[in-house]
Amino acid sequence: MARAVSTRRKWFFTILAWSVAFVIFFPILWTVLTSFKSEGDAILIPPKFLFFDWTTENYGIVQERSDYFKFAMNSVVLALGSTFLALLIAIPSAWGMAFAPGRKTKDLLMWMLSTKMMPPVGALIPIYLIFRDFGLLDSRGGIITVLMLLNLPIIIWMLYTYFKEIPAEILEASRMDGATVWKELVYVLTPMAVPGIASTVLLNVILAWNEAFWTLALTTKDAAPLTQFIASYSSPEGLFWAKLSAASTMAIAPILVLGWFAQKQLVRGLTFGAVK
Amino acid sequence: MATQQSRQLGRLAVAPSVVALFLWMIVPLAMTIWFSLLRYNLLDPNYACSLLTPGQLFDEANRCFAGTSNYYYFLTDPAFFKAMANSLILVGWVLLISVVGGTLLALLLDQAIMGRNIVRLMVIAPFFVMPTVSALVWKNMMMHPVQGFLAWITKSLGLGAIDWFAHYPMTAIVIMVAWQWLPFATLILLTALQSFDEEQKEAAQMDGTPPLSFFWYMIVPHLARPVTVVVLIETIFLLNVFAEIYVSGSGGRAGNLPFLVYQYGLISNDIGGASAGGLIAVVLANIVAFFLMRMIGKNLEG
């Protein structure tokens with residue numbers, strides 16, 4: 001009896017959950033489906049769901065017309081570049097705060113987080129003018145620096161929480177064996193922290209990839225990543241839905257896959273360790 | 001056991017990031033404050049006041065210094081009230097939708113359902129969609145008044161087509177942004193729910209606790225903290241929503257505070273006014289940040 005009830009209950013919740021999930025996921029699914037339609041089918045009412053002439057020509061046309069790979073390359077360079085640049089100064093910092101904390105370490109961590117709370121519009125005008133005067137507008141180096149600074153607090157914070165979980169005794173043991181601090185950092189700590197560093201990289205690549213305030217304001221063509229590439233489709237003459245869908249699918253697919261892998265890190269990173 | 005030497009090294013190691021973040025915070029802020037006091041328009045044919053030496057500046061004080069008039073102008077601009085209202089509407093509605101919806105969804109996904117992992121992936125997906133894509137997909141394929149998918153549904157239901165962005169631009173933006181942030185709330189709350197003690201759950205079931213009072217007395221207190229975290233973090237991001245409004249071209253009627261500052265600065269070239277607006281945005285964000293920092297700070301102690 002109880003079993004019958006729980007089976008029915010299970011079915012009820014399963015169907016409910018799948019329906020809700022389908023509705024939430026639908027815009028993405030619809031975009032992917034539309035990207036395989038001809039332009040005529042794409043705007044057809046009533047819409048065709050699966051039984052249309054499947055074609056991949058949109059992807060070719062999008063690449064040809066607006067050079068997808070150039071923008072994708074910029075997205076990759078900006079996301080990886082800013083993340084690795086940030087790691088370079090964040091790893092020593094997180095190490096210092098986790099293993100040689102001073103009295104002010106906690107205040108320092110909190111202060112670093114507080115820089116993340118600054119609304120970008122507060123800095124937009126000066127950064128824009130500085131970039132203009134130094135010829136940094138639409139340059140990869142400039143936008144990498146901004147993205148690096150933007151994500152630095154989250155990177156330090158995440159690394160700090162991961163480093164904290166490494167037992168300090170191991171470091172002491174290596175120190176007893178005569179390892180210098182540099183060796184300790186490179187040969188002992190870093191290998192142990194690889195999973196944490198990998199998670200940090202993953203989350204920050206996602207954040208940098210989707211960053212759409214600074215990339216829209218500071219790039220136009222040469223350093224423009226995929227956010228700008230898609231924005232260029234908002235002009236009326238760019239509104240061919242099948243092509244827009246193909247472009248959108250190509251812009252979100254890589255990060256969607258990464259994001260699905262990074263769910264746990266996302267919770268940890270974006271709540272600054274408040275929810276694990 | 002940190003020795004004196006390692007503590008010094010630690011300080012040295014922390015220095016580069018402290019310097020970088022300090023500059024990143026203080027230089028733009030100082031410049032924004034400075035600009036906000038100047039009459040500074042990029043289209044002004046006169047030599048820009050921000051480039052003058054102190055002596056020249058003193059001579060040209062009348063031309064250059066705006067005093068508080070940039071603030072006055074910005075704060076009394078009807079567009080400012082509109083933008084503030086839009087900012088608050090956006091933050092308020094998206095918070096409501098994502099906290100209530102997120103709690104319900106998290107409770108649903110926490111049940112023993114078949115294919116839970118796939119359902120979870122589908123629910124979380126919108127959070128990873130870049131804002132510019134979500135703006136164009138919603139504006140065109142979903143909400144287009146003639147060929148959009150929602151128009152087809154409402155017409156089939158006999159409600160007639162709705163031109164979302166023309167008639168209800170704010171509603172359209174709220175739906176779009178909530179679609180991106182509901183998954184985030186769900187993910188956080190689900191993570192919190194899964195850390196709930198299984199034994200307590202079983203004990204309550206054996207005692208025959210009614211589901212509603214179990215929810216009210218056990219689940220709600222357990223979720224109070226993650227909900228607070230969600231509210232604070234989403235508020236910070238939602239106050240800064242920009243791309244969705246910019247790319248969907250609804251800045252005229254649904255523009256929020258960041259959009260207005262952008263408009264002042266990079267479209268009207270009024271650097272002084274934009275800086276004053278930017279500072280107002282900073283003050284607002286700091287009020288929220290204050291509470292968030294206290295929350296996280298407490299967590300750090302415990």
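Which residues have the most contacts inside the largest nonpolar core?

**Entry 1, conventions.** I am working with a predicted model, in which local features need pLDDT of at least 70, side-chain atom pairs count only at pLDDT 80 or more, and totals for chains, interfaces and linings use all residues. Residues are numbered from 1 along each chain as its sequence is written, while chains are lettered from A and ligands numbered from 1 in the order in which they are written.

**Entry 2, core.** I looked up the largest nonpolar core and found 173 residues, those with the most contacts inside it being A:Ala90, A:Ala94, A:Leu159, A:Ile230, B:Val177 and B:Ile188. Such a core is a set of buried Ala, Val, Leu, Ile, Met, Phe, Trp, Tyr and Cys residues joined through C-beta atoms within 7 Å. A residue is buried if 20 or more other C-beta atoms lie within 10 Å of its own, exposed if 12 or fewer, and partly exposed in between, with C-beta atoms placed from the backbone. Helix 7 (residues 140-164) of chain A gives the largest share of this core, 17 residues. I note that helices (H or I, at least four residues) are DSSP runs, numbered from the N terminus. The core lies between domain 1 (2-58) and domain 2 (64-270) of chain A, because both give residues to it; the bounds come from an automatic or database domain assignment.

**Entry 3, B:Ile188.** Not counting residues up to four places away in sequence, I find B:Ile188 touching A:Val267, A:Thr271, A:Val275, B:Pro226, B:Val229 and B:Val230. Contact here needs C-beta atoms, placed from the backbone, within 7 Å.

**Entry 4, helix 4.** I checked the length of helix 4 (residues 68-99) of chain A: its 32 residues should span 46 Å at 1.5 Å a residue, and the end C-alpha atoms are 45 Å apart, which agrees. The expected span is 1.5 Å times one less than the number of residues. Helix 4 of chain A has a kink of about 35° at A:Ala90, shortly before A:Pro92. The bend is the angle between axes fitted to the seven residues ending at a residue and the seven starting there.

**Entry 5, A:Trp30.** I placed A:Trp30 in helix 1 of chain A. A:Trp30 has 17 other C-beta atoms within 10 Å, so it is partly exposed. Leaving aside neighbours within four places in sequence, A:Trp30 is in contact with B:Met141 and B:Phe149.

**Entry 6, domains.** I read 33 Å between the centres of domain 1 and domain 2 of chain A, taken over C-alpha atoms. Their contact takes 10 residues from domain 1 of chain A and 8 residues from domain 2 of chain A.

Notes
Helices (H or I, at least four residues) and strands (E, at least two) are DSSP runs, numbered from the N terminus. Two residues are in contact if their C-beta atoms, placed from the backbone, lie within 7 Å.
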